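Student: I would like to learn how to read a structure feature by feature. Where should we start?

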Protein chains: 2
Amino acid sequence: MQFKEWGEDCFVQHLAKHFKVKKPLIGIGDDCAVIPGQKGKSWVVTTDALVEGVHFLKEEIPPEDLGYKTVAVNVSDIAAMGGEPKYAFFAAAFPKDLEDSWVKKFMHGLREACQKWRVLLLGGDTVGSKRDVFLNLALMGEANSTHIKYRHQAKHGDIICTTGFLGDSGGGLKVLLEKRSKGRDSLLKAHFRPEPCPATGIWLASQEGVHAMMDVSDGLDCDLRRILASSKKGAEIETSKLPISPSLWAASSRYHWDPLELALTGGEDYCLLLTVDSNAFQKIQRGFKKKFGTPLFEIGSITGSRLEYLNEGQRISLHYKNFDHFK
Amino acid sequence: MQFKEWGEDCFVQHLAKHFKVKKPLIGIGDDCAVIPGQKGKSWVVTTDALVEGVHFLKEEIPPEDLGYKTVAVNVSDIAAMGGEPKYAFFAAAFPKDLEDSWVKKFMHGLREACQKWRVLLLGGDTVGSKRDVFLNLALMGEANSTHIKYRHQAKHGDIICTTGFLGDSGGGLKVLLEKRSKGRDSLLKAHFRPEPCPATGIWLASQEGVHAMMDVSDGLDCDLRRILASSKKGAEIETSKLPISPSLWAASSRYHWDPLELALTGGEDYCLLLTVDSNAFQKIQRGFKKKFGTPLFEIGSITGSRLEYLNEGQRISLHYKNFDHFK
């Protein structure tokens, strides 16, 4: 059997089984690990790798954006736990014949992202590689221990919502792969420069009515299934309510893409996916809009068992292939 | 200009310049970063990457040993700061067509090392790669804040010593590259399964007389120069006192290797290199021997400026090429 046949979730389960830890530590299985800190705070820690040819196409992504994205994808995990990003440790392998101007631009983007999210880069290991670029960041954040949200806390009847549009980054990747020239800028920006917002994560985590939370990195369908598996629940998603940006609608119409497929499986959205007590939802939705000026998009609700997709209330069956970095 | 022309130290200096941090935080430039913790403790954090074809030959190293080594090289950094290893975050990219039996054996070695050093693996990111294996571990340790030792603390007149033999791992690599069959086992073991000892680091760090400390990962010559550059000092090393194992002597004699070159530039020794107040040295040396049953090997002393090599007290000039993972 080959490694790729495992799939990412299967490998994570293998790790979680072999590396069990006891409370108050939280190990493998959420967006971050949790380590008790001082004064009611905990460390939330994540690590995310980006590999050339798998997560990015080196000839397509500007090196500054790749540096920025290396930080952003980790900030998104910290945000998903309700944490504030703090300290980063960077490891990279660069091909020995890579132009140093490329590395300098990459580091410039990395620094820009660190400054934006007030992350201090405290350490690193940078080595040569034979051929490909490998990037890894480990990021420590700090969270109020009693506020941290996990994937297993979804409850029957919860409203499911996201903090941002879905599918734009997937659309950006399609623009690249299909070499499209029109209406590409905002989709490419979503793909190259994700903008997670820890402030929204911290605020949402502080609301008692928010139950489960994670970031959308592998596509709504894949990530929602993770919440459902952890919480042992099902869900109904109303596809007509999925937040799809005007740019993605326009590009989908022009290039005959299926916007629903991109919204559900495109991946790399780096917004938050959460489930909220239905009695608290309206208040939290209003408070969120008032505080951040952007909506919480209601897309469905938690049910007893299976994940079902609806269109205007009618069940539909979808046959999309999920994105898996293993395959 | 190509990336490889920078060299590792130059790149680290570039990072340190652009990512400065303020006390009590300690950032780039030592074996670990330091983050203040609670009750007089600090977090010491390191990250080390291993890349196929650069740090290891996948067809040569047994996967169990590679998993073990991935943990060991990071434990060595924690030991060098006087810390106890605690929490690990593992990131890896495996080629998609890699046999899963290889991955299982690798994870077995990783788990064995975690158990040995009581490290809890709390998180990870495992992805596919196009071709090569890329491994990274970020490791958090805990140290007594007032005991932590740095590279910049060497003082004029200090005795320089190591906690272990030098060159065995470099000899192991030579055994592989030259396809040698005799007298290879202990050298290969040193190369495949480094055995850093955090207990020695913690004890040495608790001694006031110990000034500068780091681990020997890139070869004594290279790493000593780092202490000297940080401390703005020089050193005299008596080459006849360098601790060279009987196995390395025997293999060098059999295969016409230069044991001095291997001891100085072989790299991956993963023992500790430290400088000790000359007035305190004898007591510390006796205490060390009593506690751990192994010697502290005295190899020279800190002087005013340049690094000089002696043989039986006479200056000699050496022209070895240092090992650099960049090149």
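Tutor: Start with burial: a residue is buried under 20% relative accessible area, exposed over 50%, and partly exposed in between. Keep in mind that this is a predicted model.

Student: How is Glu112(B) classed on that scale, and at what relative accessibility?

Tutor: Glu112(B) has 31% relative accessibility, so it counts as partly exposed. Its side chain meets that of Arg193(B) in a salt bridge, 3.0 Å from N to O. The two residues are 81 apart in the chain: Arg193(B) sits in the loop between helix H5 (185-192) and helix H6 (198-205) of chain B, and Glu112(B) in helix H3 (residues 100-116) of chain B. Arg193(B) counts as buried because its relative accessibility is 16%.

Student: Which other side chain meets Lys116(B) in a salt bridge?

Tutor: That of Glu195(B), at 2.7 Å from N to O. Lys116(B) lies in helix H3 of chain B and Glu195(B) in the loop between H5 and H6 of chain B, so this pair ties together parts that are 79 residues apart in sequence. Lys116(B) has a relative accessible area of 44% and is partly exposed. Glu195(B), with 38%, is partly exposed too.

Student: How many salt bridges are there over all chains?

Tutor: The count is 35. A salt bridge here needs a side-chain nitrogen of Lys or Arg within 4 Å of a carboxyl oxygen of Asp or Glu. One case in chain A is Lys241(A) with Glu298(A), at 3.8 Å from N to O. Lys241(A) is in the loop between strand S8 (234-238) and helix H8 (246-255) of chain A, while Glu298(A) is in strand S10 (residues 297-303) of chain A, 57 residues apart. Lys241(A) is partly exposed at 43% relative accessibility, and Glu298(A) is partly exposed at 30%. Salt bridges can also form a network, as for Asp65(A), Glu112(A) and Arg193(A).

Student: Is Arg226(A) buried or exposed?

Tutor: Arg226(A) counts as buried, because its relative accessibility is 13%. Arg226(A) belongs to helix H7 (residues 220-231) of chain A, and its side chain makes a polar contact of 2.7 Å with that of Asp223(A). Leaving aside residues up to four places away in sequence, Arg226(A) touches Glu8(A), Asp9(A), Arg151(A), Met214(A) and Asp218(A).

Student: In what order do the seven strands of the open sheet in chain A run?

Tutor: The order is S7-S9-S6-S10-S8-S11-S12, with mixed pairing. At the edges are strand S7 (210-215) and strand S12 (314-316) of chain A, each of which pairs on one side only. Neighbouring strands in this sheet are turned by 30° against each other on average, direction ignored. S7(A) pairs with strand S9 (residues 272-276) of chain A in the antiparallel sense, over four bridges. In one of these, Met213(A) has Leu274(A) as its bridge partner.

Student: How much area do chain B and chain A bury between them?

Tutor: About 6200 Å², 68% of it on carbon and sulfur atoms. In chain B, Phe3(B), Phe19(B) and Lys96(B) lose the most area to chain A, together 11% of what that side buries. The contact takes 69 residues from each of chain B and chain A.

Student: How many salt bridges are counted between chain B and chain A?

Tutor: Four. Asp132(B) forms a salt bridge with Lys130(A), with the closest N and O atoms 3.7 Å apart. Eight residue pairs are in polar contact across the interface of chain B and chain A.

Terms used: Residues are numbered from 1 along each chain as its sequence is written. Chains are lettered from A and ligands numbered from 1 in the order in which they are written. This is a predicted model: local features need pLDDT of at least 70, side-chain atom pairs count only at pLDDT 80 or more; totals for chains, interfaces and linings use all residues. Side-chain values use heavy atoms; hydrogens and water are left out. Two strands pair if DSSP finds at least two bridges between them. Axes are lines fitted to C-alpha atoms, for helices over the stretch in contact, and angles run from 0 to 180 degrees between N-to-C directions. Buried means under 20% relative accessible area, exposed over 50%, partly exposed in between (1.4 Å probe, protein chains only). A polar contact is a pair of N or O atoms within 3.5 Å; within protein, one must be able to donate a hydrogen and the other to accept it, and residues adjacent in sequence count only if both atoms are side-chain atoms. Contact means heavy atoms within 4.5 Å. Buried area is the accessible area (1.4 Å probe) that two parts lose on being put together, summed over both.
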